[in-house]
Amino acid sequence: MPRILTGITPSGTLHIGNYFGAMRPAIELQAGGDAYYFIADYHSMTSLHDPAKRRGYTHGIALDWLACGLDPAKAVFWRQSDIPEVCELTWLLGTLTPMGLLERAHSYKDKTAKGLSPNFGLFAYPVLMAADILLFDTHIVPVGRDQKQHVEMTRDIAVKFNLTYGETFVVPAPDIRDEVAVVPGLDGQKMSKSYGNTVEIFGEEKAMRKKIMGLVMDSRTSQEPKPDAEKNIAIQLMKLLAPADVAADHEARLRAGGLGYGDLKKALFAHYWDFFAAARAKRAELAANPDFVEKVLRDGAERARAVADQVMARARTACGLR
Ligand code: ADP
Ligand code: TRP
């Protein structure tokens with residue numbers, strides 16, 4: 001059975017780009033594989049230096065995943081820092097990672113270009129991610145397109161280790177869903193916490209209605225035909241959030257003329273709110289039971305450790321530390 005692993009960084013509140021790009025595929029896969037999912041709290045340290053926020057986001061993300069359908073009976077779910085050996089493996093891998101490989105990382109280049117002052121952790125981020133993946137003998141990594149390069153770097157590092165020290169690590173492959181590879185944000189760029197253009201999965205009703213109704217459109221009147229209807233952000237989001245025939249109908253009416261932007265946005269909000277209704281109720285239940293959530297993470301860490309200990313021992317022996 002292939003082992004599937006993915007992580008999500010607690011650096012903010014999760015949005016529907018995270019949901020369609022990473023969570024939903026991962027949750028679908030938990031039934032058919034050996035699923036390992038974790039909260040990447042060490043990764044969050046590269047850009048977030050507020051302890052209360054880190055704790056809050058970590059707990060929030062645990063609630064989000066469980067509410068959206070992660071089943072702890074099927075998937076192993078833990079907090080990255082509960083298995084600190086991942087830092088040990090980061091060191092082993094880092095000594096075989098060429099500087100040039102890290103210098104070419106898009107995410108590092110993007111973040112520094114945006115003015116984030118780079119620290120060693122941010123530069124080493126792909127090596128920590130490689131350690132996350134390799135420590136659990138992972139075969140498949142479901143991620144959004146923006147993480148593809150990181151998984152490719154992981155493959156390079158695994159191959160280099162295996163060539164240098166003998167067959168030690170499984171070489172993993174990314175799993176990227178083309179239809180939702182990039183969920184657009186409210187401004188048309190990729191939806192991302194760092195661009196302030198997100199639709200939160202579990203936003204508060206009034207604020208979310210305001211956000212969606214505030215979507216900026218062009219000045220064409222409602223009667224005008226819109227031959228570029230498929231490019232409209234509300235239509236693109238509706239294709240994810242509404243049944244296919246409903247989204248197609250809105251697109252056709254927008255294209256033909258006669259559907260106003262206000263009505264389109266109202267419909268989008270209604271479908272967004274419905275789409276997550278069941279998960280919202282589940283999340284409220286879980287939020288009232290923090291001990292249960294903590295127990296899920298602790299049990300998950302114990303199960304994850306059983307694999308990590310074996311792989312780490314193999315790696316230490318391979319490179320002559322033991
Ligand atoms: P953000 O860009 O908001 O900081 P992360 O980098 O923490 O998001 O991404 C967490 C996961 O969600 C990754 O697997 C990533 O590929 C996926 N993801 C994030 N934004 C999107 C998006 N707009 N479309 C599709 N997948 C996304
Ligand atoms: N870097 C990923 C992101 O920002 C999160 C992550 C950390 C991850 N370790 C991972 C994803 C291992 C997949 C596998 O989205």
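A strand, labelled E, is a DSSP run of at least two residues, and strands are numbered from the N terminus. Keep that in mind for the first stop. One more thing before you start: this model is predicted.

**Stop 1: Ala 35**

Select residues 34-39. This is strand E2, and Ala 35 lies in it. Is Ala 35 buried or exposed? The cut-off for buried is under 20% relative accessible area. Ala 35 has 1% relative accessibility, so it counts as buried. Now add Ala 279 to the selection. Ala 279 is 244 residues away from Ala 35 along the chain. Draw a line between the two C-alpha atoms, and you should read 21 Å.

**Stop 2: Thr 6**

Move to strand E1, where Thr 6 has its place. Thr 6 has a relative accessible area of 2%, so it is buried. Select Val 86 as well. Thr 6 and Val 86 are 80 residues apart along the chain. Their C-alpha atoms are separated by 14 Å. Keep strand E1 in view, as it returns at the next stop.

**Stop 3: ligand 2**

Select ligand 2. It sits in the largest pocket. Which elements give two or more residues to the shell around ligand 2? They are strand E1, residues 3-8, and helix H7, residues 120-134. Colour H7 first. Four residues of the shell come from H7, and that is the largest share.

Now show the residues around the ligand. There are 14 of them. Those that come nearest are Thr 9, Tyr 125, Met 129, Asp 132 and Gln 147. Sort the shell by class, and you get eight nonpolar, five polar and one charged residues.

Three side chains are worth a closer look here:

- Tyr 125 places a polar side-chain atom 2.7 Å from a nitrogen atom of ligand 2.
- Asp 132 also has a polar side-chain atom 2.7 Å from a nitrogen atom of this ligand.
- Gln 147 has a polar side-chain atom 3.2 Å from a nitrogen atom of ligand 2.

How much of ligand 2 does the protein bury? Taken alone, the ligand exposes 370 Å², and the protein buries 89% of that.

**Stop 4: ligand 1**

Select ligand 1 next. Where does ligand 1 sit? It sits in the largest pocket. Show its surroundings, and 18 residues appear. The closest are His 15, Asp 146, Val 183, Ser 192 and Lys 193. Then colour helix H1, residues 16-29. H1 gives the most to the shell around ligand 1, with four residues. By class, this shell has eight nonpolar, seven polar and three charged residues.

Zoom in on three pairs of atoms:

- His 15 has a polar side-chain atom 2.7 Å from an oxygen atom of ligand 1.
- Lys 190 has a side-chain N or O atom 3.2 Å from an oxygen atom of the ligand.
- Met 191 uses its backbone: an N or O atom there lies 2.9 Å from a nitrogen atom of ligand 1.

On its own, ligand 1 has 530 Å² of accessible area, and the protein covers 91% of it.

**Stop 5: Asp 137**

Go back to helix H7 and follow the chain onward. Asp 137 lies in the loop between H7 and strand E4, which spans residues 140-142. Is Asp 137 buried or exposed? Its relative accessible area is 16%, so Asp 137 is buried. Select Arg 314 too. The side chains of Asp 137 and Arg 314 are joined by a polar contact of 2.8 Å. Check the backbone as well. Phi of Asp 137 is near 50°, which is a positive value in a residue other than glycine.

**Stop 6: Cys 319**

Finish in helix H14, residues 290-319, which holds Cys 319. Here the relative accessible area is 22%. Partly exposed residues fall between the 20% cut-off for buried and the 50% cut-off for exposed. That is why Cys 319 counts as partly exposed. Last, select Asn 162. Cys 319 and Asn 162 are 157 residues apart in sequence. In space, their C-alpha atoms are 9.9 Å apart.

How values were computed. Residues numbered from 1 in each chain as written. Chains lettered and ligands numbered in written order. Predicted model: local features only at pLDDT ≥ 70, side-chain atom pairs only at ≥ 80, totals over all residues. Heavy atoms only, no water. Near = heavy atom within 4 Å. Polar contact = N/O pair within 3.5 Å; in protein donor to acceptor, adjacent residues only side chain to side chain. Areas by Shrake-Rupley, 256 points an atom, 1.4 Å probe, with all protein chains shown as cover. 1 Å grid on protein atoms, 1.4 Å probe; cavity = no way out; pocket = protein on both sides within 12 Å on 5 of 7 lines; lining within 4 Å. Sits in = over half its atoms within 2 Å of the grid points. Nonpolar A, V, L, I, M, F, W, Y, C, P; charged D, E, K, R; others polar. Buried < 20%, exposed > 50% of the residue type's maximum accessible area, 1.4 Å probe, protein only.
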